[in-house]
Amino acid sequence: MSETQTLPRTGALLSVENVETYYGNIRALSGVSVHADAGEIVTLIGANGAGKSTLMMTIFGMPRARKGRVMFAGQDITQLPTHEIARLRIAQSPEGRRIFPRMTVQENLQMGASLDNLEFYDEDVRKVFDLFPRLKERINQRGGTLSGGEQQMLAIGRALMARPRLLLLDEPSLGLAPLIIKHIFEAIKELNKSTGLTVFLVEQNAFGALKLADRGYVMVNGIVTMSGSSKDLLANPEVRAAYLEGGRH
Amino acid sequence: MADIQSSGQDSVYVKAAREAVITGIIAFGLFFLVIGFRTDQNINNELVLAQRWGLLAIFVAVAAIGRFIFAAFITPSREQAKLAKSKVPAAAKIDRRSLKATVSRFGLALLFTYPFVVILILALIQFAVTGQWSFQSGVQGSLKYVDNFGIQILIYVMLAWGLNIVVGLAGLLDLGYVAFYAVGAYSYALLSAHFGLSFWLLLPMAGIFAATWGIVLGFPVLRLRGDYLAIVTLAFGEIIRLVLINWTVVTKGTFGISGIAKATLFGIPFTPGPTGFAAMFGLPNSGVYYKIFLYYLILFLALLTAWVTIRLRRMPIGRAWEALREDEIACRSLGINTTTTKLTAFATGAMFGGFAGSFFAARQGFVSPESFVFLESAIILAIVVLGGMGSLIGIAIAAAVMIGGTELLRELEFLKLIFGNDFTPELYRMLLFGLAMIVVMVWKPRGFVGNREPSAFLHERKMISSEFTKEGHG
């Protein structure tokens, strides 16, 4: 019992159309189509190894899609070099955060702002600090010495410094205490509401993600098996059985 | 710790003595065959076994005594220092920072006056010994110190600072750095010999040539990192050296190129003739002026390297280098073009290698492929690692200790009294080099100055508390 997949839409900010991605000979994504309209929070949920992070990295061209295409704001970015993709104002907080451990919080944020050569740095850094006051306390501290939650805040903050049109978040809740997860999710919601930022959120924490998002996709073994509004997915017995029951706190 | 305190000071010595005996036995086992016996040829060309029990005893004794001192005194005092350190108040730390500034200012002043300080000290010694004030003898005697110590160390400081851009900042492990040094040296040697161009024109050209070769090396290794990159750069260094050896038509192979023109000071040559430097300034003829001139030249070049490095670190490209060292994938997804970032790192590092190379050629007056063997790359890299990757001060200290130390070994004639007349301290250079590296790596695994100095720093810690209250008003 699977719902119909949404067809590729032309008006979407981001649309991934029938993408297939391989690691060597192993197919990680088989014909995945997802989209995100401007101003939406869209989430992609699924178990370990379903291909969620692969989809996120495929949008960035690391690895590149072998079939299908990735469109951003009407432009085909499937074959674009990764840094060119980032310059279209797609920012990500990647899996494992990937902050720069020996650089300070400030330098990490500066790296995020390097697209504009720090032109809006002062203005943007204030916004990031409003969102995550903890980062301001830690401004001169090395990234590697921050706690897990602070590192996650830094990764998101660094992505925001790039003034993104689309923010990709890969498991921002991974390994964090429930209170910090709540804080981070609230921050994402706040951003989306106040600035209309489009967010594409990859999560294992299905309940939290679906509560936050407008729409959701469910991915199993490299295939999107279900999609729909968050409310529908939360009510769906199959989703409940697979991802929510027992996982809800 | 607890065990030491409970059973008193005595047990420390007993324990140390036991450790010393064990160390002695191990050393005996290790050196018994290696040091204890030696195969010699006698007058009939036969191999005979010579026994060197005395030397063996010295080795074993050094090991045992060293272990004893370490276990009895150094370890306990370090434990105490650690305890004391945890109690140091914040005020002492601030004190240390201002002390650091004073030391570095003093160091810089010493660098600028070094040749004259040496001359003065030597003249004073001369005065103390003979009772005659003779400035000129100080000038003559300073030659060795300015040349062997000053210039030699500064060349390596500059090379290591240049390599630091590639290895320390961008994190690209380069084992063939000496290739760029060679390119710089040969481009000055060949172009000045064939076209008679001056040093000042060829210095930047040598830098440009080396930078070009840096990019040439950079392209094929763009996708490599770590050990793979190291091997390819090592091969590159060897290729350049082998080309220099085998392309005899141009490079004269292993014979090298001799009679390379000296550098001039605004067109004033350092020659004994009437147009020379000494004659123009009414000074007595001496080779020292050229050495002092070279000292300031390499000092200037090295400081230029440092200045450029410091400036670049605060610019987008320098930040990109450091971010590249930390995480390449994150860099790319922040919109940084890693290709150009890597190539600029290779090119910039290579350029300074090229500058140093052309200086080397002008100083030596002779270049041959033998000066550009892998060992040189290894030494330069060792200096960068020992000093602490990315730290200019640490690297300068490491260069001074390593190069100065090996030069100092030539001076240790008195060791012949202990080890006999056959003993040549220079031959133990590499042994000590290795030993020093092990010691430093045990003592400070990240090099002399292992802490990375942030390129941006906010001094407004106090303001946070008030701003912090605004939380939630976003």
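Q: What percentage of the 249 residues in chain A is made up of buried residues?
A: This is a predicted model, so the burial figure is computed from predicted positions. A residue is called buried if 20 or more other C-beta atoms lie within 10 Å of its own. For the 249 residues in chain A, the buried part comes to 52%.

Q: Which radius of gyration does chain A have, and why does it agree with a compact globule?
A: The C-alpha trace of chain A spans about 55 × 40 × 35 Å along its principal axes. A compact globule with 249 residues would have a radius of gyration near 18 Å, and the value for chain A agrees with that. Chain A has 17 Å.

Q: How many helices and strands does chain A have?
A: Helices and strands are both present in chain A. Its secondary structure comes to 10 helices and 10 strands.

Q: Which helix of chain B gives the most to the side that touches chain A?
A: On this side, 26 residues of chain B are in contact with 31 residues of chain A. Helices H11 (316-326), H12 (328-333) and H18 (461-468) of chain B each supply at least two residues of it. The side divides into 13 nonpolar, 5 polar and 8 charged residues. With 6 residues, the helix that gives the most is H11(B).

Q: Which helix supplies the largest share of the largest nonpolar core?
A: This core has 175 residues, and B:Met158, B:Ala160, B:Ile383 and B:Ala399 are those with the most contacts inside it. The largest share, 18 residues, comes from one helix of chain B, residues 135-169. That helix is H4.

Q: Which residues does B:Ala160 touch, not counting those up to four places away in sequence?
A: B:Ala160 is one of the residues with the most contacts inside the largest nonpolar core. Leaving out residues up to four places away in sequence, its partners are B:Ile380, B:Ile383, B:Val384, B:Gly387, B:Ile395 and B:Ala399.

Q: Why is H5(B) described as largely enclosed by the rest of the structure?
A: Helix H5 of chain B runs over residues 178-195, and at 1.5 Å a residue its 18 residues should span 26 Å; the end C-alpha atoms are 25 Å apart, which agrees. Just after H5(B), B:Gly196 takes a positive phi of about 65°. The helix is largely enclosed because its buried residues number 13 of the 18.

Q: How far apart do the C-alpha centres of domain 1 and domain 2 of chain B lie?
A: The domain assignment of chain B gives domain 1 as 8-80 and domain 2 as 97-411. Between the C-alpha centres of these two domains, the distance is 40 Å.

Key: Residues numbered from 1 in each chain as written. Chains lettered and ligands numbered in written order. Predicted model: local features only at pLDDT ≥ 70, side-chain atom pairs only at ≥ 80, totals over all residues. Core = buried A, V, L, I, M, F, W, Y, C linked by C-beta atoms within 7 Å. Buried ≥ 20, exposed ≤ 12 C-beta atoms within 10 Å, placed from the backbone. Helix = DSSP H or I, 4+ residues; strand = E, 2+ residues; numbered from the N terminus. Contact = placed C-beta atoms within 7 Å. Domains from an automatic or database assignment. Expected span 1.5 Å × (residues − 1). Nonpolar A, V, L, I, M, F, W, Y, C, P; charged D, E, K, R; others polar. Rg over C-alpha atoms; globule rule 2.2 N^0.38 Å.
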